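Here's a quick briefing to read alongside the model. Have the viewer open and follow along.

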Amino acid sequence: MLELDDLHVGYGRTTVVHGATVHVPEGGITAVMGHNGAGKTTLLRAAVGLLAPSRGRVLLDGDDVTRLRPHRRVRRGLAYVPQGQQSFPQLTTAENLQLVADTRPRGRARTDELLDLFPALREVMSRKAGLLSGGQRQQLAIARALITEPRVLILDEPTEGIQPSVVAQIERTIADLTSGDDLSVLLVEQHIGFALSVADRYYVLASGRVTSSGDGGDDSHATVRAAMAI
Amino acid sequence: MDALFAQLFAGLSLGSVLLLAALGLALTFGQMGVINMAHGEFMMAGAYTAFVVQSVVGDAGLSLFVSLPAGFLVGGALGVLLEATLLRRMYHRPLDTLLVTWGVALILQQLARDIFGAPNVEVRAPGWLSGNVDLGLLQVSSARLFIIVLSVAAVVGLGVLLKTSPLGRRIRGTVQSRDLAETVGVSTRATDRMTFFIGSGLAGVAGVALTLLGSTGPTLGTNYIVDAFLVVVAGGIGQIKGCVIAAFGLGTLQAAFEYSTTASLAKVAVLVVVVVFLQARPQGIFSVKTRSLV
């Protein structure tokens, strides 16, 4: 489905990710874990097209999309929820959703379906996104990404700075969404417990390199903790 | 009392011209961080468009109403051409864009001289805009009143476009976070191009409006570009509300200073006021934590 193949990515002359290879198969959740500064977000920014890799390829359904601009990757089924509950702060919740719905033929209907999935957003539709709580903004960010009806959803630390009840809801939603084979999730997390509780397979990234990978079985906690040296 | 109202009207009139000139700049500067010194030459192109349209159409009234959309299209087309060939490589490099667009402005001025000749040309105002209108307290020039109405219509039109249309949402989204807009499926390049088209088109409309106030020459735009930038900066970059207040504020100040001194001294005084104001409030009239267009 999505393959990050031997990616070398950085900022200017500084390389942050050194030849990382991550495969996200069809269906299920793939988690990428690592400490701060391990290169997780840099890897994702290259996957969605915000950073150009100096080497390596990004493949979507076997097609090389490495040189494709981010919005073209979205049309091919890639959606991205960036770190830090990002939104368009001066647009209302409704406008944040509408902005994306405008770009899709089924956008309006899809927005209604997603508001059923995130009912809390209905109460803040006319409020500027910059005034929402962290949890509301994260739900908005996930709903906004899902309007595009993606086949791969990339989530960058969706639980960071979010209260536990909302984390539980996000966890349930992700599990529901990936119950069929229609959606694959690439999840980046520092929160190992959360990531391994939902992931079908995992990669550990340290200093920009994949140091461990495997299936999210019972023994994965110990392996991941060892790979992350905690 | 009459003199006071007359000066106030002169201020509003000057403000409305500045507003037409500055609206497009506020859009392109706010969204792309581009200092477009050729914006004044897009006004000049709009004014020559009115001249050409009138040579073809003949009737002054009809030609004005054909010239307004034609000026918009000519200004817009020049803007898109500039954006696509040069500026797209220079976003958020204001000093580079300043130099490059200044060069483009000189080229456009020379082009106008080559095509239309160095002497100014005249565009006839329609009969119904050549007299005065009695507003009770004072007699005002119909042409100036028309320009005030035109600039208010431009602001309202732009506000409605930004607030309610899909393009407006894309423009505001791109201003607030370019990366996020791209990753939710918005082509920010196409949005930039449309923004440039609209912003430069508004300059073209301003140029058509200026033909009602005086003759048209190759350097018509240079008289307004600095004042238009003052309006954009004093209003708060990327802020349409601030732009409106700053345009009418500066227009009124200029008219008031002109009343008590001379036109040249008034320019200096306005510049001093803006410099002092920006020392106290560098972000302009409206403070912006996130740049916003409405």
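How are α2(B) and α3(B) oriented to each other? They are oblique, with an angle of about 140° between them and their axes 7 Å apart. Keep in mind that this is a predicted model. Below, we go through three helix pairs in chain B, then turn to where chain B meets chain A.

**Helices α2 and α3 of chain B**

- Helix α2 of chain B covers residues 39-57, and helix α3 of chain B covers residues 60-85.
- The angle of about 140° falls short of the cut-off, since only angles over 145 count as roughly antiparallel, so the pair ends up as oblique.
- If you're checking handedness, α2(B) and α3(B) cross in a right-handed way.
- On the α2(B) side, the residues that meet α3(B) include Phe42(B), Ala45(B), Gly46(B), Thr49(B) and Val53(B).
- On the α3(B) side, look for Leu62(B), Val66(B), Ala70(B), Gly71(B), Val74(B) and Leu78(B), among others.
- Sorted by class, this contact has 12 nonpolar and eight polar residues, with no charged ones.

**Helices α1 and α8 of chain B**

- Here residues 2-32 (α1) and residues 188-210 (α8) of chain B cross at roughly 165°, and their axes come within 8 Å.
- That angle makes α1(B) and α8(B) roughly antiparallel to each other.
- This crossing, of α1(B) and α8(B), is left-handed.
- From α1(B), the contact takes in Val17(B), Leu20(B), Leu23(B), Gly24(B), Leu27(B) and Met32(B), among others.
- Their counterparts in α8(B) include Thr195(B), Phe196(B), Ile198(B), Leu202(B) and Ala206(B).
- The class tally for α1(B) with α8(B) is 12 nonpolar, six polar and one charged.

**Helices α10 and α11 of chain B**

- In this pair, α10 (residues 240-260) and α11 (residues 263-280) of chain B cross at roughly 135°, with axes that come within 8 Å.
- That puts α10(B) oblique to α11(B).
- The α10(B) and α11(B) crossing is right-handed.
- Leu250(B), Leu253(B), Gln254(B), Phe257(B) and Glu258(B) are the α10(B) residues in this contact.
- Across from them in α11(B) you'll find Ala263(B), Ala266(B), Lys267(B), Ala269(B), Val270(B), Val273(B) and Val274(B).
- By class, that gives nine nonpolar residues, one polar and two charged.

**Where chain B meets chain A**

- The contact involves 21 residues of chain B and 24 residues of chain A.
- Together the two chains bury about 2,100 Å², and carbon and sulfur atoms give 59% of that area.
- Within chain B, the residues losing the most area to chain A are Arg169(B), Leu180(B) and Thr183(B), together 31% of what that side buries.

**Salt bridges**

- As background, side chains of opposite charge can pair when their charged atoms come close.
- The count over all chains is 16 salt bridges, and four are found across the interface of chain B and chain A.
- One to pull up is Arg169(B) with Asp102(A), a salt bridge whose closest N and O atoms are 2.9 Å apart.
- This pair runs from helix α6 of chain B (residues 166-176), home of Arg169(B), to the loop between α3 (93-101) and α4 (107-117) of chain A, where Asp102(A) sits.

How values were computed. Residues numbered from 1 in each chain as written. Chains lettered and ligands numbered in written order. Predicted model: local features only at pLDDT ≥ 70, side-chain atom pairs only at ≥ 80, totals over all residues. Heavy atoms only, no water. Axes fitted to C-alpha atoms, helices over the stretch in contact; angles between N-to-C directions. Helix = DSSP H or I, 4+ residues; strand = E, 2+ residues; numbered from the N terminus. Parallel < 35°, antiparallel > 145°, perpendicular 65-115°, else oblique. Left-handed = near helix turned anticlockwise from the far one by under 90°. Contact = heavy atoms within 4.5 Å. Nonpolar A, V, L, I, M, F, W, Y, C, P; charged D, E, K, R; others polar. Buried area = accessible area lost by both parts, 1.4 Å probe. Salt bridge = Lys/Arg side-chain N within 4 Å of Asp/Glu carboxyl O.
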